[in-house]
Every structure is written in C-alpha cells, then in structure tokens.
Amino acid sequence: MTPNPASLIARGREAGVARLLIPGTTLADSAQAAALADPAHGVFAAVGIHPHEAKDFEPERDGAELERLAGLPGVSAVGEVGLDFHYDHSPRAKQIATLEWMIDLARRRNLPVILHNRESGAEMEALLARFGPREDAGVLHSFTEDAAFGRRAIALGYRISFSGMITFRAAENIRGAARGLPLESLLIETDTPYLAPVPHRGKPCEPAMVVETARKLAEVQGASLERVAAATSANFERLFGAPRHT
C-alpha cells in the first residue's frame, strides 16, 4: 500500500526534517506536486519533465501548461529534468532538446533547476556551459560524478546533492566526491522512493531517512551532524525557500 503523502511528511518532521521539496517528472505528477506544496509549513514543489518522459513532451502542446504550473505558489524549481543515457527511454536528441527547453523555462521564471544526470556527464557539462553561469542556477541531484566535475558545476552556479547512495558499501566513488567538495555547496536528498540509505536498504525511501544520509555526509566531511544540517538547510533555503518567480 502506497503511504499517504501526509504521513510521509509527518514522519519526516518527527525525524527533524523541517523543509522538503516534491519534484515532478511528468505534467500529471507535476500538477500533483504543486497541489501538495505548502510553503508556510516547509513543503515546496518542482515541476518538469524527466528525461525518461522527454519522448512524450511537445512544447507546442504541453509548454503552456508547464509554464502555468511553474508560476504557482509553492513551486520553487523546475525539475526533475536532465539526461539519462543509461536507460535511454527517450531518444538522446529529444532528451537534450527537452532539457534545453526546461532550463530556458527556469531562467524565464527565475527558478533553479533540479538536474538528473546518468551516464551523460560530458553532454550535461557541455550543455550547462553553453547556458553559462548563473547565480543559484540549481542542483545536480543524486550526484555520481567526481569532485572535479562537481567543482566545475559549482563554478557555474549549481549545488551538489547526495542521496542515500553515499551510505552504500560499494559507493566509495561517491564518498570520494563528497570529500572533495565544499560543504557550503552541498545538499542532501531522499530520491524517494529509491535509494534508501543504510540501514534501510530494500525499503521505499522517505523523508525521515535523509537523516542517515546526513550522518554519512558528516562522517565523510569530518564535520559534525549539526554543521551538516545547518549548511544543507541553508542551501535548501537559498535555492527553494524564498519566492523567486518573475
């Protein structure tokens, strides 16, 4: 049985999660995310078309509705958007064209983007470089590239987010990247319902579990949990917590 969103949010609050963001992947679930947004109580939304769904996105048909959703109260980002050359559920040229449209939407609306990047690092980096630097441009979510890639993204105005993968035994590459990046540019996430951190492997991930990701990031960074919580919360607030629509 799928948990009620309200119960997931409540359990997150009990675990100490004060702010969270619900991303969209299609027009339909972007509308659902926007409906769940409650900024007064720390719940924000993002709207966008995931690269798996890019094959079905037609700007002439769907663009106006996505633009409308991006302007709703509580919608604080465009996402989850990006490139996925692992599964290739959408043709790569279509993924790139859709991502360009999404980044352009984010810039028009003065919103950050939430970027998915799987086995597409060279293409992603080239695309972001073409758009050029922008303050608070967005975040590369569930980061799996190396620290050098992360530093170049930070120089373009992006932040780096780590998921529960940082706790996985075989994920030393991800921990290595986290060691080489400044805490002041990092975020943590669930990627709900995927990538539940240790000791919750095999369970659907939910907001309350992000505390374990924070613990591991603190260990990797050689910082206190309190410092990691403060830094990642400040980065969330700067990117998503204040109205930025134009």
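In this predicted model, S161 stands opposite L187 in strand β7. The two strands concerned, β6 and β7 (residues 186–188), pair in the parallel sense over 3 bridges. A helix links them into a larger motif: β6, helix α7 (residues 172–179) and β7 make a right-handed β-α-β unit.

A second strand also pairs with β6. Strand β5 (residues 138–140) and β6 run parallel and are joined over 3 bridges. Here L140 has I160 of β6 as its bridge partner. Again a helix completes the motif. β5, helix α6 (residues 147–155) and β6 form a right-handed β-α-β unit. Strand β6 thus takes part in the unit with α6 and in the unit with α7.

How many residues of strand β6 (residues 158–162) are buried? The count is 5 of 5, so the strand is largely enclosed by the rest of the structure. In a regular strand, side chains alternate between the two faces of the sheet. Both faces of β6 are covered. Y158, I160 and F162 are buried on one side. R159 and S161 are buried on the other. The bridge partner of L140, I160, therefore belongs to a strand that is largely enclosed.

Helix α7 was examined next. Its residues I174, R175, A177 and A178 are buried. They cover an arc of only 155 degrees around the axis, which puts them on the same side of α7. The cover over the buried residues of α7 includes α6, β6 and α8 (210–221). Both α6 and β6 also belong to the β-α-β unit that begins with β5.

These elements sit in a chain of 9 helices and 7 strands. The radius of gyration of the chain is 17 Å, close to the 18 Å that the globule rule gives for 246 residues, so the chain is as compact as a globular protein of that length. Along its principal axes, the C-alpha trace spans about 50 × 40 × 35 Å. Of the 246 residues, 52% are buried. Long-range contacts were also counted. Among contacts between residues at least 6 apart in sequence, 68% join residues at least 24 apart. The accessible surface of the chain comes to about 11,100 Å². Carbon and sulfur atoms account for 56% of that surface.

Key. Residues are numbered from 1 along each chain as its sequence is written. This is a predicted model: local features need pLDDT of at least 70, side-chain atom pairs count only at pLDDT 80 or more; totals for chains, interfaces and linings use all residues. Side-chain values use heavy atoms; hydrogens and water are left out. Buried means under 20% relative accessible area, exposed over 50%, partly exposed in between (1.4 Å probe, protein chains only). Helices (H or I, at least four residues) and strands (E, at least two) are DSSP runs, numbered from the N terminus. Two strands pair if DSSP finds at least two bridges between them. A crossover is right-handed if, with the strands pointing away from the viewer, the path from the first strand over the helix to the second runs clockwise. The radius of gyration is taken over C-alpha atoms; the globule rule is 2.2 Å times the number of residues to the power 0.38. Contact means heavy atoms within 4.5 Å. Accessible areas come from the Shrake-Rupley method with a 1.4 Å probe; for residues, only the protein chains shown count as cover. The arc is that of the directions from the helix axis to the C-beta atoms.
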